[in-house]
Every structure is written in C-alpha cells, then in structure tokens.
Amino acid sequence: MADEKNEGVLARWGEGLKAKSSSLKAKVVELLRKTKKLAKDDPRRIVHSFKVGLAITLVSLFYYFEPLYDGLGASAMWAVLTVVVVFEFSVGATLGRGLNRVLATSLAASLGFGAHFLADLAGDKAQPVILSLSVFFFATITTFIRFFPRIKARYDYGFLIFILTFCLVSVSGYRDDEILQVAYRRALTILLGTFIAILICLFICPVWAGDDLHSLVSNNIQLLANFLQGFGVQYSNESKEDELLEGCKSVLTSRQTEESLVNFARWEPRHGPFKFRHPWKQYQKIGSLTRQCAYRLESLNNYLVTETQTPLHIRDRLMKSCSKMSIESSNALEDIASDLRTMTQPTFPNPHIEKSKAAMKDLKAALKIGPGDGDIDLLEIVPIATVASLLIDTISCIEKIAESVGELGSLANFKCVEAGKSSDLELEQEHQKLPTSAIVNDHCHVVIVD
C-alpha cells in the first residue's frame, strides 16, 4: 500500500516536472524568437552592443595594468562609469552626453575647489556654513534652470552632472585634504572615458541621428501616401472593409522620436550630404504638418468604415471626385517623399496638387443640392459630405507639407533636377518598400544631375 502511494506521488512529481520543463522550453523558444526579430529589425543594434563592450574593455585597462593604475588610482573606475552612462546608440546622442559630462564636470570641479578654498580662508567654524550655503545656492539655481524647455532638451544631463560633481568636490573636501588631486584625477578619468566612447562611436560603424531623422520624416510622408492611395481605390470600389491604420498610427506616435532625433542631430558634425548647421529644426515643422494630415486621414477612415444611408445618386455624383482627389493627393505625397528622400528641390507648383484642386472644385459643385435631387434628408448626406470636407482639408495640409519641404530644400541647398531628367537611384528608391520597424536607411543618397 505504501509502495503504491509513493509511486503515485512520484508520478505526480514527474508530470509536474514535465509540465514545467515544457513551459520553460516554450519560454526559451519565445525569447529566442523575439531576440532574432529584434536583431533582424535593425542589425545595427548588434553592432552597437559590440561597440559598448569594446569601449568598456578598453577603459578597464586603466584598472588592470599597474602603470596606469598607479597614475590614476581608484579614480580609474570613473572612466568605466563614464563609458556606461555616456555611450548611446547614435553619434549625436553620445556627443551630447559626452560633452555635457566633460564641461559640467570641469566647471563643477573648478567651482567646488573654489568654494572649498574660500571656506578654508574663513576658518574652521565658518567653513561648514560657507560650504553648505554654496551647495544650497548652486543646487537651487541649477535645478531651476533645468526647467527651461530649451535647456532641458539639450543640457539637462549636463546640469544634473554639475550638481552631483559640485557636491562631491565641495562636501568631500571638508574631510579630505587632497581635494585638488582628487578633483584632478576624477576629471581626467572622466575625460578619458568620454574620449574613448566618442572615438569608438564616431569611427566604428557610426549611427547618425541625422540619417535616422531624414528617413523617418520621408517615410512618414510615404505612409500617408500609401493610405490615400488605398482610400481612393476602396472608395471607388465602394468597399466597406476596414482600412489598415498601422502606418497612419505610427505617424501619429512619432513626435517624441522626432524631437529626440532633432536634438541629437544638432550635436553631430558634418557627415554625408548633411553639412554643418544643417536646418534640423525644419524637420520638426514638416513632421508636425505630417501628423496634422494623419489626424485628418484617421478621421477619414472612420467615416469610410461607417455604414451610411446616403442616396445612391448623390453618392455616385461625389464618388468620382473623391476618388480622384485621393489618388492625386497620394501621388503628390509620393513626389514630396521622394524629393525629400533623395534631397532634390521639389517642383512648384506640384502638378498633382493642382489636379487635386481641380477635382476639389468639381466636388464642391457636386455637393450643391439642386431642385432635381428631390426631398433629401440632410442627415443622410452628412457622412459623405464630411468625407468630402476632410479630403478638401487634407489637400490644404498637403500643400503646406510641400511648402515646408521646399523651405528645407532652400535652406539645405538641395539639388535641382531638370525637368524630364531622373536618376536610376531615384527610381529605385521610389519603388523600394521599407519596413515600418526599420525606418532608417544605412546611407542617405543624393541625386546628382550633370
């Protein structure tokens, strides 16, 4: 009897162990699948991981080798910490953090030593009072300055490091007589760590935030063009199927990414087709207009999938104009995206926008209800009239996007392509379909016309 009971317990344990083993195996497989997808979406992530590992290994040599350690002492660990907090994915982000850290550390160390020197002159009793007042003053002023939007966007990390370093130097100097030597060693190791991080990030497979921003904005415009193209085809076919909004939604959620890339790109030196003082702020304006257009298209989709009881003869009268406006607007956005992607000056006026305006006039005329329309309930034509109104508003928004891209082309000296000429590269890029998860090209190409 006891043997049967033990066998039952062992059987239950075996089944439980088998179930846990199967669950663990499924989780490992899922983790491997997600890891593979993460690396496949953007292979630069793998390269970045190796670069960070290389940088940390190099700065660790200051701690391992006796001659280097004797010169820097325990402060060598600050070089490792600096690489960990400074090394970012893109060159601009790394340069911004690195320069912020170096400048903030140098300035704070100097002021901290100065505060310590003045406190020493005041005597032993007044020394802690002066140090406390100096810490209170600089910490309060620096924290308040961080609330300014422009300061917070570019220099927030620097001000944070300033507070930390000033407190470390001034306060620790009260108990440490070798304050000057300590400040010198920490500043030197931070400088070495920052230099190594920037050097590796800049010269080993660099990732430019400017390239990412340029591709993101142009691809967002292309996504809107794809949506309008599908909307025009569906509307002309009177389809009631749900329109996929993934591309449009990704445009609506791209604001934070754009702002970060603009801030990072402004730190970057001249690279590729992007010259020094490239008008990166103009990309924010284009992105803002693109999102305004995306909001209208999202509303447009809501009316497309809504069942309506619009009279058939009214719907037929508006269908052709709406479809033409959608398709021409899509073609206009494709031209704008191609011009931005290949960095060529857009043509004005855009022929597709002009055709859209012509279709808009026809649509406005078709919206007028005449005596021949009979007794029509106005509530029945509200949805389709709203669709027409949103399309008209979308054309105005597309025209503003084209003007903003033209301003960018003038400020950045985009190449001008003669009428009737186009490069094979432009045609290739125009037909290339980029995945939404990998929004950045490895290189930014320029169309050169002889």
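At roughly what angle do the axes of H5 and helix H6 cross? In this predicted model, the axes of H5 and helix H6 (residues 127-145) come within 8 Å and cross at roughly 150 degrees. Because angles over 145 degrees count as roughly antiparallel, H5 and H6 are therefore described as roughly antiparallel to each other. The crossing of H5 and H6 is, in addition, right-handed.

Helix H5 (91-122) also takes part in enclosing empty space within the structure, where 2 cavities of 30 Å³ or more are found. The largest cavity contains about 100 Å³ of space, and its lining is made up of 13 residues, with Trp 78, Thr 105, Thr 165, Arg 186 and Ile 190 lying nearest its centre. At least two residues of this lining are supplied by each of H5, H7 and helix H8 (179-203), and the largest share, 5 residues, comes from H7. When the lining of the largest cavity is divided by class, 9 residues are nonpolar, 2 are polar and 2 are charged.

Turning from cavities to pockets, the second largest pocket holds about 530 Å³ of space. Among the 23 residues that line this pocket, Lys 152, Ala 153, Arg 154, Asn 263 and Phe 264 are the closest to its centre. Two or more lining residues are given by each of helix H5 (91-122), helix H7 (149-172), helix H11 (255-265) and helix H12 (281-304), and the largest share of the lining of the second largest pocket, 8 residues, is again that of H7. The lining of the second largest pocket comprises 8 nonpolar, 6 polar and 9 charged residues.

The position of the second largest pocket follows from the domains that contribute to it. Residues of its lining are drawn both from domain 1 (25-203) and from domain 2 (209-368 + 380-412), so the second largest pocket lies between the two domains. Helix H7 thus recurs in both descriptions, giving 5 residues to the lining of the largest cavity and 8 residues to that of the second largest pocket, while H5 supplies at least two residues to the cavity lining and two or more to the pocket lining.

Conventions:
Residues are numbered from 1 along each chain as its sequence is written. This is a predicted model: local features need pLDDT of at least 70, side-chain atom pairs count only at pLDDT 80 or more; totals for chains, interfaces and linings use all residues. Side-chain values use heavy atoms; hydrogens and water are left out. On a 1 Å grid over the protein atoms alone, a cavity is a set of points where a 1.4 Å probe fits but cannot get out, and a pocket is an open set with protein on both sides within 12 Å along at least five of seven lines; lining residues have an atom within 4 Å of a point. Grid points are joined across faces, edges and corners, and a volume is the space filled by probe spheres set on the points. Helices (H or I, at least four residues) and strands (E, at least two) are DSSP runs, numbered from the N terminus. Ala, Val, Leu, Ile, Met, Phe, Trp, Tyr, Cys and Pro count as nonpolar, Asp, Glu, Lys and Arg as charged, and the others, Gly among them, as polar. Domain bounds come from an automatic or database domain assignment. Axes are lines fitted to C-alpha atoms, for helices over the stretch in contact, and angles run from 0 to 180 degrees between N-to-C directions. Angles under 35 degrees count as roughly parallel, over 145 as roughly antiparallel, 65 to 115 as roughly perpendicular and the rest as oblique. A crossing is left-handed if the near helix is turned anticlockwise from the far one by less than a right angle, and right-handed if clockwise.
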